[in-house]
Amino acid sequence: MYFIWYLLIGLAAGWLANLIVKGGSSGLFVNLIVGLIGGLLGGWLLSLFGLVAVGTLGSLATAVIGSVVLLWIAAIINHRRIR
């Protein structure tokens, strides 16, 4: 059951990050991958500052932060301009 919950949080985080960065329209699968990788990246980044996500909203916020950073890194690598 937790696996499905992590997938839903990853999907929501990828979608929200896509809206924040104002990237092109991505599909569900791309948003899911971005959200899941962003969740790992966000957890690692917050741990550097000694912070820990608590609860569903904390997990979602962590995944969104990591997803936004991931999309910014991808934009820099692709030499695209973030609007």
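Contact means that heavy atoms lie within 4.5 Å of one another. The exercises below use a predicted model, in which local features need pLDDT of at least 70 and side-chain atom pairs count only at pLDDT 80 or more, while totals for chains, interfaces and linings use all residues. Residues are numbered from 1 along each chain as its sequence is written, and side-chain values use heavy atoms, with hydrogens and water left out.

**Exercise 1. The span of the helices**

Task: work out what span helix α1 should have at 1.5 Å a residue, and compare that with the distance between its end C-alpha atoms.

Solution. Begin with the terms: helices (H or I, at least four residues) and strands (E, at least two) are DSSP runs, numbered from the N terminus, and the expected span of a helix is 1.5 Å times one less than its number of residues. Helix α1 covers residues 2–21, which makes 20 residues, so the expected span is 28 Å, and the end C-alpha atoms are indeed 28 Å apart. The same step for α2 takes 21 residues to an expected 30 Å, in agreement with end C-alpha atoms that are 30 Å apart. For α3, the 23 residues should span 33 Å, and the distance between the end C-alpha atoms, 33 Å, agrees.

Finally, look at what follows each helix. Just after α1, K22 has a positive phi of about 60°; α2 is followed by G50, with a positive phi near 80°; and just after α3, H79 has a positive phi of about 60°.

**Exercise 2. The buried side of α1**

Task: list the buried residues of α1, and find out what includes them in its cover.

Solution. A residue is called buried under 20% relative accessible area, exposed over 50%, and partly exposed in between (1.4 Å probe, protein chains only). By this rule, I9, G10, A13, G14, A17, N18 and V21 are the buried residues of α1. They cover an arc of only 170° around the axis (the arc is that of the directions from the helix axis to the C-beta atoms), and therefore they are on the same side of α1. As a general point, an α-helix has 3.6 residues a turn, so residues three or four places apart point the same way. The cover over the buried residues of α1 includes α2 (28–48) and α3 (55–77).

**Exercise 3. How α2 packs**

Task: identify the helices against which the buried residues of α2 pack, and then examine N31 and I33 in that helix.

Solution. First, N31, L32, V34, G35, G38, G42 and L46 are the buried residues of α2, and these pack against α1 and α3. Next, N31 has 6% relative accessibility and therefore counts as buried; leaving aside its neighbours within four places in sequence, N31 is in contact with G10, L11, G14, W15, N18 and S26. By contrast, I33 is partly exposed, because its relative accessible area is 34%. The C-alpha atoms of I33 and L11 are 7.7 Å apart, although their positions lie 22 residues apart along the chain.

**Exercise 4. Two residues of α3**

Task: decide whether T62 is buried or exposed, and which residues T62 touches.

Solution. In α3, the buried residues are G58, T62, A63, V64, G66, S67, V68 and A75, and the buried residues of this helix pack against α1 and α2. T62 counts as buried because its relative accessibility is 7%. Not counting residues up to four places away in sequence, T62 touches G38, G39, G42, G43, L46 and A53, and the C-alpha atoms of T62 and G38 are separated by 8.0 Å. G55, also found in helix α3, is partly exposed, with a relative accessible area of 47%; its C-alpha atom is 23 Å from that of L19, 36 residues apart along the chain.
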